[in-house]
Amino acid sequence: MKVYKILYIAMVLLKEKLKEIQTENIKKEVKVGIIGAGYVGLVTAAGLAYKGYNVLLVEKDKEKLKKIKQGICPFYEPDLQRYLLEGIESGRLSFRENISELVSECRYIFVCVGTPIKDDSTYDMYYLDIVAKEIANNLKNDFRIIIIRSTVPPGTGRWFKKAILRYRRGVKANFEVVSMPEFLREGNAIYDFFNPSRIIIGSDNYDIGKEVSELYSDFGAPILIVSLEEAEIIKLASNAFLAMRISFINSIANLAEVFDSNIENIRLGIGLDPRIGTEFLKAGIGFGGSCLPKDLSALISVFNNYQINPILFEAVKIINDERIDIFINKIKKALWNIKNKILTVWGVSFKANTDDIRESPALKIIPKLVQEGAFINVYDPKGLHNFQSYIQKNYPHFSNSIKLIENIYESTVNSSAILITNDWDEYKRVNYYNIYELMETPIIIDGRNIVNPLEMREIGFEYYSIGNNIK
Ligand code: UGA
């Protein structure tokens, strides 16, 4: 009986192992093409290669591609470089010169090109159009599934399909377009890739949606197959909702300050209602980055375009824009005079764990302080190189007033105040006793409510934060 049981268990284990090997082999056979090696494209490429797929990547920026081929990540994203290298070394991540090669080799083609926003706050479809043309010119008899991962306005997937057919000029084509929005956060992209909250697949054809969902069947996430436009709206609505939560709490923070209350207590009190939750309700100097501000503005344009009232989203944007002046006023009120003073800014990337400075609040705050005669010492764990290029390009005449400093302690020497503008963990770990000694006047104005007010005040700092006037 015992021997029989052991044999039975061994057989089950063997069967499981064989199934695993079989799945691995099937995955190796599946060729996935990725167009564009930005945040979404590169994370998807490295992630799918790690999952066992045979991934082929095309990137038109030759310099960028050269780095990637050497296993160097062209931007800072925790752990991405490790996965990139592992993909290249395993042979599961390789590169192709152009889109035509992807079209001839891959059944699945992920489109991850940029959709920057134009001056009129609408998305620029230029790169998507180029990709549509390239694909159209290279489609043969084999069926191809083109999966749009770039953030786009509703209607794009359908336009993309139409564009391909137009470029084909009546020559039959065997393809389907799927919309599959991405919900990665910069700085957490690898974690988010392997632990997605949901997989949204938009397709006109349920069977195709189901086929694409199979690629993600072992991610342990709920999979929702919807229409093309529904998927596109889900993406924009998700980012708008997140933006709305931030503007909501920032508005409440303004009220909390009037009554010398602590916004953190209020956040907890609101968020303990399970219908609301405490996540993404941190008050501060507003949301930045390449997604929330851009997608919100674009959503307003989409609403206007269809004559729908965008008042809710306009309010979210106005409240966010106001955060900058509210912070500047806080600084001026705390310091009395800022002219000829050294102010230390910690944080030029739009949030922690990224070197991305796009739409970072600090980009607006620093020039305003310089205009008022302040000298700025800037520190950021990863964002200084991007900030340097930004200042050289946009404010070359300010370069004498802005000093980039690579050591956090050094950035505070003779400073009249530390202004915290993003939320790196490093700011919690530094020795504030030392910093207290280095500064001219020990004042901290914390735009991200990241350090402990009680500890700061115990050391002797004058500490100000957002939504908290308690002395
Ligand atoms: C955002 C979304 O969170 C992702 O789900 C989405 O995939 C991505 O945009 C995109 O569309 O590609 P990301 O821009 O990387 O991700 O950054 P978030 O973590 O959303 O933060 C955005 C801004 O909001 C930051 O400036 C952050 O400091 C601020 N924030 C965030 C707050 O002020 N309070 C909060 O409670 C949370």
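A residue is called buried here when its relative accessible area is under 20%, and that cut-off will be needed at several stops on this tour of a predicted model.

**Strand β6 and its partner**

Begin by selecting strand β6, residues 175-179, and display its side chains. F175, V177 and S179 point one way from the strand, E176 and V178 point the other way, and all of them are buried. Since five of the five residues of β6 are buried, the strand is largely enclosed by the rest of the structure. Add strand β5, residues 144-148, which runs parallel to β6 and is joined to it by five bridges; within this pair, I147 stands opposite V178 of β6.

**The two domains**

Next, colour the protein chain by domain, with domain 1 covering 27-226 and domain 2 covering 255-465. The centres of the two domains, taken over C-alpha atoms, are separated by 34 Å. Where they meet, 16 residues of domain 1 are in contact with 17 residues of domain 2, and the two domains bury about 1,300 Å² between them, 54% of it on carbon and sulfur atoms. To find the principal contributors on the domain 1 side, select Y76, Y123 and E186, which supply 45% of the area that domain 1 buries against domain 2, more than any other three residues.

**The nonpolar cores**

Now select L42, L57, F110 and Y216, the residues with the most contacts inside the largest nonpolar core, which has 43 residues. Helix α2, residues 39-50, gives the most to this core, with seven residues. Centre the view on Y216 and show its surroundings: leaving out residues up to four places away in sequence, Y216 touches T44, L48, F110, R149, M180, F193, I199 and I223. Apart from the largest core lies another, of 37 residues, and I263, I328, L384 and F398 are among its members.

**Two buried residues, F95 and T156**

Move to F95, which lies in strand β3, residues 93-95, and which is buried, with a relative accessible area of 17%. Once neighbours within four places in sequence are set aside, F95 is in contact with L57, L65, I68, K69 and I88. A distance drawn between the C-alpha atoms of F95 and V58 should read 6.1 Å, although these residues are 37 residues apart along the chain.

Then select T156, a residue of helix α7, residues 156-168. T156 is also buried, with a relative accessible area of 6%, and it touches M125, L128 and E232 when residues up to four places away in sequence are not counted.

**The six-stranded sheet**

Turn to the open sheet of six strands, whose order is β11-β10-β9-β12-β13-β14 and whose pairing is parallel. Strands β11 (402-404) and β14 (462-464) stand at the edges with a single partner strand each, so one side of each is left without a neighbour in the sheet. Looking across the sheet, the twist averages 20 degrees from one strand to the next. At the β14 edge, strand β13, residues 443-446, pairs with β14 in the parallel sense over three bridges, and the bridge partner of I443 is E462 in β14.

Add the helices that pack on this sheet, taking α14, residues 361-371, before its companion; α14 touches β9 (342-346), β10 (375-379), β11 and β12 (417-420), and its direction makes about 155 degrees with that of β10. Helix α15, residues 384-394, also packs on the sheet, where it touches β10 and β11, and the direction of α15 makes about 150 degrees with that of β11.

**Two asparagines with positive phi**

Finish in the loops attached to these elements. Select N353, which is placed in the loop between β9 and α14; it has a positive phi of about 65 degrees although it is not a glycine, and at 31% relative accessibility it counts as partly exposed. The last selection is N449, found in the loop between β13 and α18 (453-459), where phi is near 45 degrees, again a positive value in a residue other than glycine. Is N449 buried or partly exposed? At 14% relative accessibility, N449 counts as buried.

Key: Residues are numbered from 1 along each chain as its sequence is written. This is a predicted model: local features need pLDDT of at least 70, side-chain atom pairs count only at pLDDT 80 or more; totals for chains, interfaces and linings use all residues. Side-chain values use heavy atoms; hydrogens and water are left out. Two strands pair if DSSP finds at least two bridges between them. Helices (H or I, at least four residues) and strands (E, at least two) are DSSP runs, numbered from the N terminus. Axes are lines fitted to C-alpha atoms, for helices over the stretch in contact, and angles run from 0 to 180 degrees between N-to-C directions. Contact means heavy atoms within 4.5 Å. A nonpolar core is a set of buried Ala, Val, Leu, Ile, Met, Phe, Trp, Tyr and Cys residues joined through side-chain atoms within 4.5 Å. Buried means under 20% relative accessible area, exposed over 50%, partly exposed in between (1.4 Å probe, protein chains only). Domain bounds come from an automatic or database domain assignment. Buried area is the accessible area (1.4 Å probe) that two parts lose on being put together, summed over both.
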